[in-house]
Amino acid sequence: MRDPETTLRQHDLPVTAQRTAVLRAVSRHPHATADTIAEVVREELGSISRQSVYNVLNVLTDKGILRRIQPADSAALYEDRIGDNHHHLVCRSCGHTEDVCCAVGAAPC
């Protein structure tokens, strides 16, 4: 991900410690749940409520900075890989999620 502060400014969002920490957490832990992101952010900031993390994730998703994916029978996952056409492969045993690039040429979906 680009510099979090620059990214926020480009999307006309105020730069806050919570937003920059969430962006860094998602960048370091792609396909993480909101709870995992909250844990990572708490390690950096000391404290942040789960609701604040959800609020930041919603704003960043609404602005197109992050992508929310919802695999079947799974909590929502967040990633900062946006602007391309890729899919997700989710292991049914352990839940690990992997990006799968789309074939070259016309996007089939």
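A residue counts as buried here when its relative accessible area is under 20%. By that cut-off, 33% of the 109 residues in this chain are buried. Keep in mind that you're looking at a predicted model. The chain has four helices and four strands, and reading along the sequence gives you the pattern α-α-α-α-β-β-β-β.

**The chain as a whole**

- Take the contacts between residues at least 6 apart in sequence: 34% of them join residues at least 24 apart.
- The helices come up in the pattern before the strands do, as α-α-α-α-β-β-β-β shows.

**Where α2 meets α3**

- Helix α2 covers residues 17–28 and helix α3 covers residues 34–45.
- The two pack at an angle of about 125°, and their axes are 9 Å apart.
- Angles from 65 to 115 degrees would be roughly perpendicular and those over 145 roughly antiparallel, so α2 and α3 are oblique to each other.
- If you're wondering about handedness, the crossing of α2 and α3 is right-handed.
- On the α2 side, the residues that take part are Ala17, Gln18, Ala21, Val22, Arg24, Ala25, Val26 and Arg28.
- Their partners in α3 are Ile37, Val40, Val41, Glu44 and Leu45.
- Sort the residues of this contact by type and you get nine nonpolar, one polar and three charged.

**Where α2 meets α4**

- Helix α2 also packs with helix α4, which spans residues 50–62.
- This time the angle is about 75°, with the axes 10 Å apart.
- An angle from 65 to 115 degrees counts as roughly perpendicular, and therefore α2 is roughly perpendicular to α4.
- From α2, the contact draws on Gln18, Arg19, Val22, Leu23 and Val26.
- From α4, Val56, Leu57, Val59 and Leu60 join in.
- By type, the contact of α2 with α4 splits into seven nonpolar residues, one polar and one charged.
- Some names turn up in both places: Gln18, Val22 and Val26 meet residues of α3, and Gln18, Val22 and Val26 also meet residues of α4.

**The loop between α2 and α3, and its link to β2**

- His31 sits in the loop between α2 and α3.
- His31 isn't a glycine, yet its phi is positive, at about 70°.
- The relative accessibility of His31 is 14%, so it counts as buried.
- What does the side chain of His31 touch? It makes a polar contact of 2.9 Å with the side chain of Glu79.
- Glu79 belongs to strand β2, which runs over residues 77–79.
- Glu79 has a relative accessible area of just 1%, so it is buried.
- Pro30 is in the loop between α2 and α3 too.
- With a relative accessible area of 45%, Pro30 is partly exposed.
- Pro30 and Tyr78 are 48 residues apart along the chain, but their C-alpha atoms are separated by 6.4 Å.

**The loop between α1 and α2**

- Asp12 is found in the loop between α1 (4–10) and α2.
- Asp12 has a phi near 55°, another positive value in a residue other than glycine.
- Is Asp12 buried or exposed? Its relative accessibility is 68%, so Asp12 counts as exposed.
- So for the two positive-phi residues mentioned here, Asp12 is exposed, whereas His31 is buried.

Note on methods
Residues numbered from 1 in each chain as written. Predicted model: local features only at pLDDT ≥ 70, side-chain atom pairs only at ≥ 80, totals over all residues. Heavy atoms only, no water. Axes fitted to C-alpha atoms, helices over the stretch in contact; angles between N-to-C directions. Parallel < 35°, antiparallel > 145°, perpendicular 65-115°, else oblique. Left-handed = near helix turned anticlockwise from the far one by under 90°. Contact = heavy atoms within 4.5 Å. Nonpolar A, V, L, I, M, F, W, Y, C, P; charged D, E, K, R; others polar. Buried < 20%, exposed > 50% of the residue type's maximum accessible area, 1.4 Å probe, protein only. Polar contact = N/O pair within 3.5 Å; in protein donor to acceptor, adjacent residues only side chain to side chain.
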